[in-house]
Amino acid sequence: MSETPVNPGINMTQKSNNLSSEFYVDFKVFHELMSVKIREILLVSSPYDAFIMEEDTSLASRIINEYSGLNLSQPPRVTRTSSAYEALAVLNKKEFDMVITMPHLDEMDAFSFGLEIKKIRPNLPVILLAHNTRGLYPPPENRDCSGIDKLFIWSGNSDLLLALVKNAEDRLNVDFDTQRANVRVLILVEDSPIYYSSFLPLIYKEIVRQTQAVLESGLTEEHRLVTMRARPKILLAGNYEEAMELCQKYRSFLFGIISDARLPRNGEMDADAGFHLLSQVREEIPDLPLLLLSAEPINKDKASQIPAMFLDKNSPNLLAELHDFFLTHLGFGDFIFRMPDGTEIDRAPDLRALEAKVARVPDECLLYHAEQNHFSRWIMTRSEFTLASTFREVKASDFKSIDDMRQYIISNIRALRKWRQKGVVARYNRHNFDPYIMDFVKIGEGSLGGKARGLAFMSALLQQNSKLNEKYSEINIRIPKTLVITTDGFESFVTQNHLERFAKEDFTDEEVTKGFLDAHMPKWLVNELEAFVAQVKIPLSVRSSSLLEDAQFQPYAGLYETYMIPNNHPEPSKRLQHLITAIKLVYASTYYEGPKAFSRNTLNQPHAEAMAVIIQQLAGKEYGNYFYPAISGVAQSHNFYPVSHMKPEEGIAHIALALGKIVVEGEKTLRFSPKYPGIMPQFSTVDDILAGAQRFFYALKIKDYPDDLNFEEYSNLEKREVDDAETESPVMTLASTYVPEEHRIRDTAYIQGPKVLTFAQILKYNIFPLPNLLSDLLELGRRGMGCPIEIEFSVNLNPDKKRKSYFYLLQMRPMVADEERFEVQITQDEYERAFCRSNQALGNGKNEKIADIVYVKPDDFRPESTFQMAEEIGRINAGLLKEKRPYLLIGPGRWGSADRWLGIPVQWRNISGVGAIIELRNEKLKADPSQGSHFFQNITSLGIHYITVTEGPDSEDHFDWKWVSSLPAIQETTFLRHVRPAKPLTLKIDGRKSQCVIIGD
C-alpha cells in the first residue's frame, strides 16, 4: 500500500471481499521453480591445491554438509581431476553443469583452460577458485578472460562452495522463476573478488536461514522444502553498467540492492558509482530497501542523502549488522509494529499473529506501515508473492476509511491462510493450531488409514481443481475440518493395555467393548486431545479409518463404528471424556465379530488391522435442541440398476433429510440419477410417494442430553419423526404437502396438510444445483481414482440466498464395477430350463459350486419379524460356514437394511458364508434396490453375485417357487427353509446385459 492520505470519498469494502484462489500462487507452481540444477561439478586442481583445500575433508563432503545443514535439496556430485587435458577429455564424454578450476594447472593457465572449455560447451559456467587475487585481479592486460565466468577467492570458508553453486543456479533460473511465480531478486553490486567472496556466502546463508525460519510451521515437510525454491534470487554485478542492466530488467521483482560505494563505471573506477546507482533506483522505487557498503566511513553521509542504510566493510560486527538489515529492512523476522516516530508497540512472528494484531493497532500505526509498504515486503519474504504484490498495488487513498483498509488487510491475510491449508495434511501442534484456518491436521506419525487417505485425496483434488469452485460460486464446497489420530495412537493404546487378545475369534462384541472402555488412553494422546477440546467447541463426528477401510476391492464399508458427540458441555473435562469414550468405542469395533467375519472372506488377518480415528466437524446447523444437515446422501459414479434413459456410467444418488445414517444403512431414501433428476420410477404415483417417502430422520441432541451421552442407541443420535420437525427450516424447504381432498401433492410446505419429503425444491426447482454438482464431483473423483467411485456428502442450505449454502464431502471410496468382463453366453435352452431368471443381476461369470439354498418361506413372511429372520439366517450360516458349503440366499426386500419394514436387517456376520443372494421385489415388499448402502458396497466388493427378481405378471423375471418348494429340507425354522438339490446349481450372469439364469437340474 503506497503513500497517500486516506480519501473518505472512495469505498473499497467491496474489493476487499472479492477474494479468490487466483490471488495465490499454487503450491504446484513451486515444483516448477529452480528447475535448472547444478548436479554435476567437474573440479580441476593441482594435487597441491586440492591438498590445501581439502585439509581433513573433501570438497564434495563440504558441499554435502552445507546442503544438509541448511536442509536444501539434493547436493551436486563432484568429479575431480588434476589435469587440464584430462578434464577436457572428460567434458567430451560426460555432461557437467559447472566447472570449478584452480589457477595452477600444469598444461595451461586457468584463462586458456576456460577458453578451451567454452569451445566444447559455450554455455557451461566456469568458476575460477583461487587462494588470492595475485595475477588474476585485475586480470592481466591483453589476456582474453571470457572463458572464466567468475573469480572467487577461497579463504577456507566452506560456505563459499554453497554460495557459488547457488549463485550459478540463480543466474540460470531467474528469468523463468520471476515470470512464473513473481520470485524476488536481491542484487549485490561488488567488483572486488575478495569482498564478494566474503559477502555472498553471508547473504546466502542469511537468506536461506531466514526463509526457513518464516515458513509456516503448519505446512508439511514437502511444502517447506518446495517453498524454499521460491526464496529470493541473488544476482551479482561487478560494475555500474551491469548493475543498472539488472535493475532495469528485474525492476518489477526487486527485493533489495546491496552495493559497494566504489565501482567500475565506463571502464574506470568511480568512487561515487554506488551512490549514483542507489540514488537513481530510489527515484524510481521509493520504498525499496537499499544498503550502501564502503570501507570509507565518510560515505555514511552520502548514504543518508539517498536515503539508504550504510555498513562499514571494516566493522568487526559486520555479520551482525548485515543480519539486522535482513530483519529490519528486508522483512525477515517479526513484523514490528511502530508508531510514525519509530516507537515499537507490538510484534507479530507469523501471519496468524499479524492478522490478529492488525485488528488492534492504532490507526496511525496502521497507516504508517501501509504507506511504507511494510506489509507487502514482510509478506513477500514468506513467498506469498501475489498477495504481497496486491498489497503493493493498492493505495491507502483507495479506501473510504482506515477501518476499511484494516478490514481489507485482515480479510486478505485470512483468505491466504485458509487457501494455503487446503489440500495439506499438517501436523497438529497445540501451540499454533488455529481451528478457523486449519482444515486437515493429524496427531501421530503413523498411517492415516483408508478413509482419512480418501479425505486427504479429496481435499487435494478440490485444491487442484479451482474451476469447480468458480462454476458453483454460490456454494462453499468443503471437506469438514478434520483431525486424524494416526494408527500409532491405536497401536500404543492396544499395546499399553494388552488388548491384542481380543483379535481372537472367541470374544463377543460386548466383551470387546467392555475391555476397551476399561482401558486407559496413552497419556501423550490424552494431552493432545485435552488441548484440542479446549480449542474446538462444535459438534463432532468420531469415525473409523482402518488400514483396510475403503481400499479398492475390499472397502470394509460400514463395518466399524461411528459416533457423534455434541462437544458443547460447559466443562472441558466432560467434553474430553465424551471424546475419549467415542474413540475407545471406535477402536473396539476393530475386533468386533462383523469385521472379523469380513476379514475371513478377504484373507486378511484381524490382528494385522490397525485403526486411525477421524475426528471431524459434524456438518449441520442447530435447530432447537438438535443439530443436523438439511441433506445427506451417497452418490455413485456407476448405476447398477439403470432404468429409462439412464446409463450405468451416469451414476446414481440416494438422499435423505438430516444425518446420513439413514442412507448408509439402507433405510427409506430418495433415489435419482444426477443426469435425470426428474426420472423417479419409485415416485411415479401419489400413492407411491406417500408409501415410499422418508418418515423419520436422525439428529444429534445438543441440549438437555445425559452427562454420559447415549452411545449404545443409534451411536448417540436420536431418531425423530419428520412430522415433529415440520416447522424447522430443512423440512419447510424440502417437503411438499399432501392435500387429501384432491389426493394430490403440492410442491410447497407452506400450506395446511401432512408434509411429505419429495425434495422437489432441489430436484424440480433447482434452488440448490445438487444433481449437476454431484455429476461433476463423481466425474472428478472417477478421473482422480481411475475407477468408479462412491462419495458420501451433506448439505447445509441457506435458501434466502443472502449467504452461501455449504456442500460437504464426507468420504470417497472406490467401487467395484468396471472389472474386466469375459464373455458369458446364456443359451435359449438354459433360459428355458432356469428356475430363476433376472434382468437385474450384478457380477459376471459362471458359478457351479453352490449346492445349498436357504430361503424365506413366502407364506410365513411377516415384516414385523425380520429381526428374528436375521438371527435364524445367522444360525444356518454358521453351520454351512463350518462345513465350507456356500449357499444361495433368497428373500424379499432389501437385504442388510436397518429398516425392518424394507427388508431383513442381516449384518455381515449373519451371512458370511453366502455364495449368491436373490432380492425379491413383490407386493409384500417393494423396496428399491440396495445400492447406496454400506452392506451393498461390501457384497459387491467381494464379488458375491447379487440378483434382483421382480415378481409379478408384468415382469420378465421369473422364479419357480414350485420347484424350490419340492426340494427336500435339510432343516426348517419358523421363517426359513434350507434345501439341497441333487447336484450343485449352475449360476450364469452375463454382465454386459445384467442377465442371470440359475439352473437346478
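This tour moves through one structure, stop by stop, naming what to select and what is found there.

The model is a predicted one, in which local features need pLDDT of at least 70, side-chain atom pairs count only at pLDDT 80 or more, and totals for chains, interfaces and linings use all residues. Residues are numbered from 1 along each chain as its sequence is written, and side-chain values use heavy atoms, with hydrogens and water left out.

**Stop 1: strand β32 and its partners**

Select residues 789-796, which form strand β32. Helices (H or I, at least four residues) and strands (E, at least two) are DSSP runs, numbered from the N terminus. Eight of the eight residues of β32 are buried, where buried means under 20% relative accessible area, exposed means over 50%, and partly exposed lies in between (1.4 Å probe, protein chains only). Colour the two faces separately: Ile 789, Ile 791, Phe 793 and Val 795 lie on one side, with Glu 790, Glu 792, Ser 794 and Asn 796 on the other.

Next, add strand β24 (residues 631-636), which runs antiparallel to β32 and is joined to it by six bridges. Two strands pair if DSSP finds at least two bridges between them. Ala 635 has Ile 791 of β32 as its bridge partner. Then add strand β33 (residues 805-814), which pairs with β32 in the antiparallel sense over eight bridges. Here Pro 814 of β33 stands opposite Ile 789.

**Stop 2: the largest cavity**

Keep Ile 791 selected and add Met 458, Leu 461, Leu 462, Leu 777, Leu 780, Gly 781, Leu 809 and Met 812; together these residues line the largest cavity. A cavity is a set of points, on a 1 Å grid over the protein atoms alone, where a 1.4 Å probe fits but cannot get out; lining residues have an atom within 4 Å of a point. The volume of the largest cavity is about 70 Å³, a volume being the space filled by probe spheres set on the points, with grid points joined across faces, edges and corners. Nine cavities of 30 Å³ or more are counted.

Which elements each supply at least two residues of this lining? They are α19 (449-464), α30 (770-785) and β33. The lining has eight nonpolar residues, one polar residue and no charged residues. In this classification, Ala, Val, Leu, Ile, Met, Phe, Trp, Tyr, Cys and Pro count as nonpolar, Asp, Glu, Lys and Arg as charged, and the others, Gly among them, as polar.

**Stop 3: aromatic pairs**

The model has 26 aromatic pairs. Rings of Phe, Tyr and Trp (its six-membered ring) pair if their centres lie within 6.5 Å; planes under 30 degrees apart count as stacked, over 60 as edge-to-face and the rest as tilted. Select Phe 391 and Tyr 408: their ring centres are 5.9 Å apart and their planes are at 50°, so the pair is tilted. Phe 391 lies in helix α17 (residues 385-393) and Tyr 408 in helix α18 (residues 402-421), so the pair ties together parts that are 17 residues apart in sequence. Both Phe 391 and Tyr 408 are buried.

Move to Phe 493 and Phe 516, a tilted aromatic pair with 5.7 Å from centre to centre and 55° between the planes. Phe 493 belongs to helix α21 (residues 487-496) and Phe 516 to helix α22 (residues 509-518), so this pair ties together parts that are 23 residues apart in sequence. Phe 493 and Phe 516 are both buried. Extend the selection to Phe 490, Phe 502, Phe 507, Tyr 587 and Tyr 591, which form one aromatic cluster with Phe 493 and Phe 516.

**Stop 4: charges over rings**

Select Lys 313 and Tyr 195: the charged end of Lys 313 sits over the ring of Tyr 195, 3.8 Å from its centre. A charge sits over a ring if NZ of Lys or CZ of Arg is within 6 Å of the ring centre and within 35 degrees of the ring normal. Lys 150 has its charged end over the ring of Tyr 196, 5.4 Å from the ring centre.

**Stop 5: backbone details**

Select Ile 306 and Pro 307, which are joined by a cis peptide bond with omega of about -10°. Pro 307 lies in the loop between α12 (299-305) and β12 (309-312).

Finish with two asparagines. Asn 567, in the loop between β20 (562-565) and α24 (572-588), has a positive phi of about 55° although it is not a glycine. Is Asn 567 buried or exposed? At 2% relative accessibility, Asn 567 counts as buried. Asn 766, in the loop between α29 (760-763) and α30, has a positive phi near 55° and is partly exposed, with a relative accessible area of 43%.

Notes:
1 Å grid on protein atoms, 1.4 Å probe; cavity = no way out; pocket = protein on both sides within 12 Å on 5 of 7 lines; lining within 4 Å.
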